[in-house]
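Student: I should like to understand how the inside of this protein is arranged. May we work through it step by step?

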Amino acid sequence: MKSYENYDPLFPDQPVVDRYLPIWADLPAFAAKPAFIWAGDDSTRTSITYAELHQSVQSISTRMSVQVKRGEPVVILCPPGLELVEIILACQRSGLLSVPVSPPDLGLAASVQHQHLVRVLTQTNPKVAVSSDGFIQNVRRYVSANSEGDDTTLSGLLKKLTWVSTETLKSVGGAVSLASNEMHYDGCGADDVYLIQYTSGATGIPKPVLITAGSAAHNVRTARKAYDLHPNSVIVSWLPQYKNIL
């Protein structure tokens, strides 16, 4: 027997969060509404509507699927923001495993940030990394300046990765099908691990926490019930998207 957790026809039960996007993007009451508003430290605000988010996720997912095989991990070296939201959801739609990490300052000597990135790369073993053009250029300079390092050093691990820029993933052009809600969904299933979130390391070495797509969707539905949210509700959150390792 199917278990229903929702109580509103605007929020039909879906096994993973990404499968809600095409539904909301097609609803007149939702399409033009902001899905996320990001308030930056410098008092700037950026926003993205449900329709824009669905379009962006589908576009990024289509490009990611060419670069990475389904089920493989992708390390995402992007600062906190809406772009990170888009890429993580796009990975979920492509059936990929997201590993978000704060981009370290490669200009510093070996630091805690460097050690953490080495830990992440050795533990998750990704073949593809996503970051901005600027950070990718920094990586190439760092690898060139540390070319004597072996495969277990940061330079060696970075050199083995295939780098994909966020600018390329989000570039405009090419036809993108948005009929994903009418087609067979080939993204992450409820039991698939879609995200590896590292602990803060406040009481020990940061450890990877494996999160399934179904558990994330369940948490969203549970929060919605607990706070009695409706389509016009606005949630303000200060929670970080990932822990910065200082």
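**Helix 9 and the core**

Tutor: Helix 4, strand 7 and strand 8 (208-212) are among the elements covering the buried residues of helix 9. Helices (H or I, at least four residues) and strands (E, at least two) are DSSP runs, numbered from the N terminus. The model is predicted: local features need pLDDT of at least 70, side-chain atom pairs count only at pLDDT 80 or more, and totals for chains, interfaces and linings use all residues. Residues are numbered from 1 along each chain as its sequence is written, and side-chain values use heavy atoms, leaving out hydrogens and water.

Student: Where on helix 9 do its buried residues lie?

Tutor: Buried means under 20% relative accessible area, exposed over 50%, and partly exposed in between (1.4 Å probe, protein chains only). The buried residues of helix 9 are A213, G214, A216, A217, R221 and R224. Seen down the axis, they fall within an arc of 165° (taken from the directions from the helix axis to the C-beta atoms), so they line one face of the helix.

Student: Which residues are exposed on the other side of helix 9?

Tutor: The buried face includes A213 and R224. On the other side, the exposed residues are N219 and A226.

Student: Which helix gives the most to the largest nonpolar core?

Tutor: A nonpolar core is a set of buried Ala, Val, Leu, Ile, Met, Phe, Trp, Tyr and Cys residues joined through side-chain atoms within 4.5 Å. The largest has 36 residues, and helix 3 (50-67), helix 4 (82-94) and helix 9 (213-226) are among the elements that each supply at least two. With eight residues, the helix that gives the most is helix 4.

Notes
Contact means heavy atoms within 4.5 Å.
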